[in-house]
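This report looks at how rings and charges are arranged in one protein model, and then turns to the overall fold. Please view the structure below before reading on.

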Amino acid sequence: MKFLETVKAGSALAAEGIRLWVDQPRKLNLQVDHDWENRNYGMGELIRRAPSMKRIHLRCSQDNHDRRFHAVIAIDLEKRRIAYSDSSSGLLGDEHRGAAMISLALLSLPVTLPLSPVLVAWNQWYKMQEARDGMSRHGRALLDALKGKLDPDTEALLRDALKNDWSYMKKVDRDVTLDEARSILSTCDLVEDHLSAEEAAEYDDIEASGFQWCDDVGDNVANGHFYGSRDHYVRVCNTTFKDAEADELVTIFRTRKILREDDAIEE
């Protein structure tokens, strides 16, 4: 019996390792929970007061497990994109990947390493599917799991949100050169936030500043953090610039708004 349990545990470990290396979507068993807001009247009332957000409430299980749980997919109606801060994690490949995932990747190496040519090809196949569909592999899995379970308008909205999400990720999830960073920031609106003297005192008198650049459609494409005369960072898309390069990049913008305590200075 212990042998069978060991084999079962080993198979599960190998399967999770393969899924991790390939970024394979989970198998989702979803049902739309149309009555959730009625059963949760207080929460439903709060949700109805947020007309800029569309929420799809779900009863779901993953990878053929019987345990069901409530989940929600939230869509920002203004941007027509997934609102991750208001959505349940894990449905779109946004699971937390900390030390446990690193351990899983290492433990599964005896299986995944010999299979690496197959896993690379499998991942490439997913990338081809993503290019064809204009959405992530996880978005496609979610849409397929909900096929025929949503009204046509909601399904079309979800499809648009997943496609817009994919376009946004393609825009920001890439490495850029310093010249490309300069070009990107020159077309963006910068909001620069400084700590007050009282706030800085709480950080041992280290003056801190934050920077956020948004492009012409309102997407956040770059962020920066300065801590006194040291530790200057600016991240543009998927590339982090430091020190002198960061000092230069904070001078590049289309418009700038400086927030200092309760005052805002616009340029």
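## A charge over a ring

In this predicted model, the charged end of Arg 81 is placed over the ring of Tyr 168, at 4.1 Å from the centre of that ring.

## Aromatic pairs

When the whole structure is searched, 4 aromatic pairs are found. One of them joins Phe 211 and Trp 213, whose ring centres are 6.2 Å apart and whose planes make an angle of 25°; this pair counts as stacked because planes under 30 degrees apart are assigned to that class.

How buried or exposed are the two partners, Phe 211 and Trp 213? Phe 211 has a relative accessibility of 6% and therefore counts as buried, and Trp 213, at 0% relative accessibility, counts as buried too, since the cut-off for a buried residue is under 20%.

Elsewhere in the aromatic inventory, Trp 122, Trp 125 and Tyr 126 come together as one aromatic cluster.

## The fold as a whole

The protein contains 11 helices and 11 strands, and of its 267 residues 40% count as buried. Among contacts with a separation of 6 or more, 55% are made by residues that lie 24 or more positions apart.

## The exposed surface

The area that the protein exposes comes to about 16200 Å², and carbon and sulfur atoms supply 53% of this surface. Phe 211 and Trp 213, the stacked pair described above, belong instead to the residues that count as buried, with relative accessibilities of 6% for Phe 211 and 0% for Trp 213.

Terms used. Residues are numbered from 1 along each chain as its sequence is written. This is a predicted model: local features need pLDDT of at least 70, side-chain atom pairs count only at pLDDT 80 or more; totals for chains, interfaces and linings use all residues. Side-chain values use heavy atoms; hydrogens and water are left out. Rings of Phe, Tyr and Trp (its six-membered ring) pair if their centres lie within 6.5 Å; planes under 30 degrees apart count as stacked, over 60 as edge-to-face and the rest as tilted. Buried means under 20% relative accessible area, exposed over 50%, partly exposed in between (1.4 Å probe, protein chains only). A charge sits over a ring if NZ of Lys or CZ of Arg is within 6 Å of the ring centre and within 35 degrees of the ring normal. Helices (H or I, at least four residues) and strands (E, at least two) are DSSP runs, numbered from the N terminus. Contact means heavy atoms within 4.5 Å. Accessible areas come from the Shrake-Rupley method with a 1.4 Å probe; for residues, only the protein chains shown count as cover.
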